[in-house]
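Work through the exercises below with the sequence and the structure in view. Each task is followed by a solution in steps.

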Amino acid sequence: MKKNFYITTTLPYVNAAPHIGFALEIVQADALARYHKELLGEEVFFNTGTDEHGLKIYRKALEEGKNPQAYTDEYAPKFDKLKSALNLSYTHFVRTTDRHHVHAAQELWKRCATRGDIYKKSYRGLYCVGDEMFLKDSDLVEGKCPNHPTMDPIEVEEENYFFKLSAYREKLLEHLSKNETIIPERRRREAIQFVENGLDDFSVSREKQRLSWGVPVPGDETQVMYVWFDALTNYISTLGWPEDAEGSYKKFWENGVVVQTAGKDQIRFQSIMWQAMLMSAGVKTTDTVVYHGHIISGGQKMSKSVGNVIDPFEIVEKYGTDALRYWLLREAPTFEDGDFTLDRFKESYNANLANGLGNLVSRVITMASTNGVKTPGSGGLENDPALVPFWKCLDAFEIKKAADYVWQRIADADKKIDETKPFKLVKENPEGAKKILEELLAEVDKIAFMLKPLLPETSEKITGALQHPESVQPLFPRIGK
RNA sequence: CGCGGGGAGGAGCAACUGGUCGCUCGUCUGGCUCAUAACCAGAAGGUUGCAGGUUCGAAUCCUGCCCCCGCAACCA
């Protein structure tokens with residue numbers, strides 16, 4: 001029986017245009033989703049969306065002279081636009097301002113409260129507006145927030161609700177003891193260390209008078225949920241939890257394989273807090289969280305002031321969707337930071353897309369069609385033993401390695417042409433040449449098949465060209481200097 | 001002693017469970033001509049940041065030091 005596969009990205013905050021780092025996350029998720037759906041034939045629920053509550057958005061909206069809802073209504077579609085720009089296959093797009101999501105967040109709160117894990121206490125301390133978090137003395141670096149050294153923490157006293165994270169130490173350690181809970185392994189050790197260093201209960205609400213833009217705390221009109229508590233709930237609210245009228249929650253979360261993708265900075269939120277919240281509410285924990293690296297530009301973090309920000313839409317417009325997908329999936333390390341520069345991007349485009357993949361497809365198809373050799377019927381590739389290394393890479397979330405394998409096959413095919421010289425052989429031994437050309441066509445067909453989750457559009461083009469060789473067009477025209 | 005990542009041939013990376021330093025791009029030479037000035041072969045190019053130590057043997061382990069990057073905003 002086929003499994004059901006659930007995959008979700010984190011929800012980007014809508015206070016700025018889509019970042020290429022998020023493009024990386026969602027393209028990785030898309031490749032995995034397509035792999036499970038199109039190659040393994042599983043049913044896939046692929047979620048993404050936008051995180052729309054919290055102080056930063058509230059402020060941003062005020063800055064632009066809009067009310068927060070109008071502001072987010074304007075920004076959310078920009079993220080949905082990534083779908084066509086990057087050829088994404090997500091099936092659901094959740095907004096944390098959706099009515100159902102708000103309801104789900106409140107229900108999750110109630111369950112945690114019923115369990116006795118949410119309590120109210122007066123808290124007085126230093127508060128970092130950047131993180132929207134209270135700071136512990138041990139967090140302070142020279143009196144400032146370590147994450148926001150240029151912002152002065154403010155002295156705040158207020159009554160907040162807290163979540164008893166400290167009560168979940170043992171359960172979290174047990175959860176994290178399973179290898180597959182976090183990919184890659186290094187990050188799992190990081191998470192374990194974080195838990196072992198001691199967990200503090202965290203504040204899960206804000207006084208409404210200070211921040212009204214959030215989900216109301218059930219049963220307390222003076223408080224609004226801390227944005228993280230609300231946002232994390234999206235992973236199950238999108239499935240229809242808690243009512244589960246359509247049965248998706250049961251099907252994909254309880255009885256499916258649950259995978260989340262997130263940036264490497266998200267460990268404490270996704271693998272610690274969220275998992276503890278799920279445990280508290282009596283909901284199954286996430287099976288696997290895959291953490292990717294960040295994309296830097298020219299050796300540095302992208303920033304507007306440095307002027308090295310890469311706009312994913314711009315790259316797509318100039319070089320095409322699959323050119324960017326290719327870079328994100330193969331040129332960037334799957335789990336570590338990747339350095340994007342336009343020069344390197346063009347270089348790898350020419351070397352691997354134009355000269356490698358594009359040229360191979362072009363030479364094989366042209367040669368075959370001028371000699372009247374047709375593509376043998378394909379099919380059954382799902383079980384082709386020759387593709388096992390490819391499956392294994394993707395099963396282990398090693399997307400780059402999977403792509404490396406495809407390009408190894410491309411190189412092998414080029415070598416084979418050179419060694420067997422079918423273009424020459426056809427004069428002396430037409431039958432032998434025909435056989436070789438058929439093998440090459442079959443190999444191109446396999447390459448197209450493996451490319452389905454990685455470069456879906458290119459994959460289709462190749463398949464189409466194999467059927468209609470007369471209409472073959474260059475897949476990736478070379479980029480001039 | 002704030003935390004973390006990293007220093008490898010011109011560039012980007014693999015090897016980091018110790019045992020001939022590998023790959024891609026670029027460069028040079030040769031081959032080929034089916035193909036998108038593409039493809040194939042070969043070559044040049046590194047005492048693996050520095051200094052010690054452990055070891056028969058270290059890029060890989062230990063110690064000290066130097067340098068770069070991220071940890072403010074925009075932002076994943």
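**Exercise 1. Find how strand 7 is joined to strand 12, and place both in their sheet.**

Step 1. Strand 7 and strand 12 (residues 288–292) run parallel and are joined by 2 bridges. Strands (E, at least two residues) and helices (H or I, at least four) are DSSP runs, numbered from the N terminus. Two strands pair if DSSP finds at least two bridges between them.

Step 2. Within this pair, isoleucine 183 stands opposite valine 290 of strand 12.

Step 3. The open sheet has 6 strands with parallel pairing, in the order 3-2-1-11-12-7. Its edge strands, each pairing on one side only, are strand 3 (92–95) and strand 7 (182–183).

The model is predicted: local features need pLDDT of at least 70, side-chain atom pairs count only at pLDDT 80 or more, and totals for chains, interfaces and linings use all residues. Residues are numbered from 1 along each chain as its sequence is written, chains are lettered from A and ligands numbered from 1 in the order in which they are written, and side-chain values use heavy atoms, leaving out hydrogens and water.

**Exercise 2. Describe how helix 5 and helix 11 cross.**

Step 1. The axes of helix 5 (residues 99–114) and helix 11 (residues 267–281) come within 8 Å and cross at roughly 70°. Axes are lines fitted to C-alpha atoms, for helices over the stretch in contact, and angles run from 0 to 180 degrees between N-to-C directions.

Step 2. Helix 5 is therefore roughly perpendicular to helix 11, a term for angles of 65 to 115 degrees.

Step 3. Leu108, Arg111 and Cys112 of helix 5 meet Trp274, Met277, Ser280 and Ala281 of helix 11; contact means heavy atoms within 4.5 Å.

**Exercise 3. Locate the cis peptide bond that joins isoleucine 183 and proline 184, and the one from tryptophan 241 to proline 242.**

Step 1. Omega is about 0° for the cis bond joining isoleucine 183 and proline 184. Proline 184 lies in the loop between strand 7 and helix 7 (185–196).

Step 2. From tryptophan 241 to proline 242 the bond is cis, with omega near 5°. Proline 242 belongs to the loop between helix 9 (234–237) and helix 10 (248–254).

**Exercise 4. How many residues of domain 1 are in contact with domain 2?**

Step 1. In chain A, domain 1 covers 5–292 and domain 2 covers 341–471; these bounds come from an automatic or database domain assignment.

Step 2. The contact involves 12 residues of domain 1 and 14 residues of domain 2.

Step 3. Taken over C-alpha atoms, the domain centres are separated by 41 Å.

Conventions. Parallel < 35°, antiparallel > 145°, perpendicular 65-115°, else oblique.
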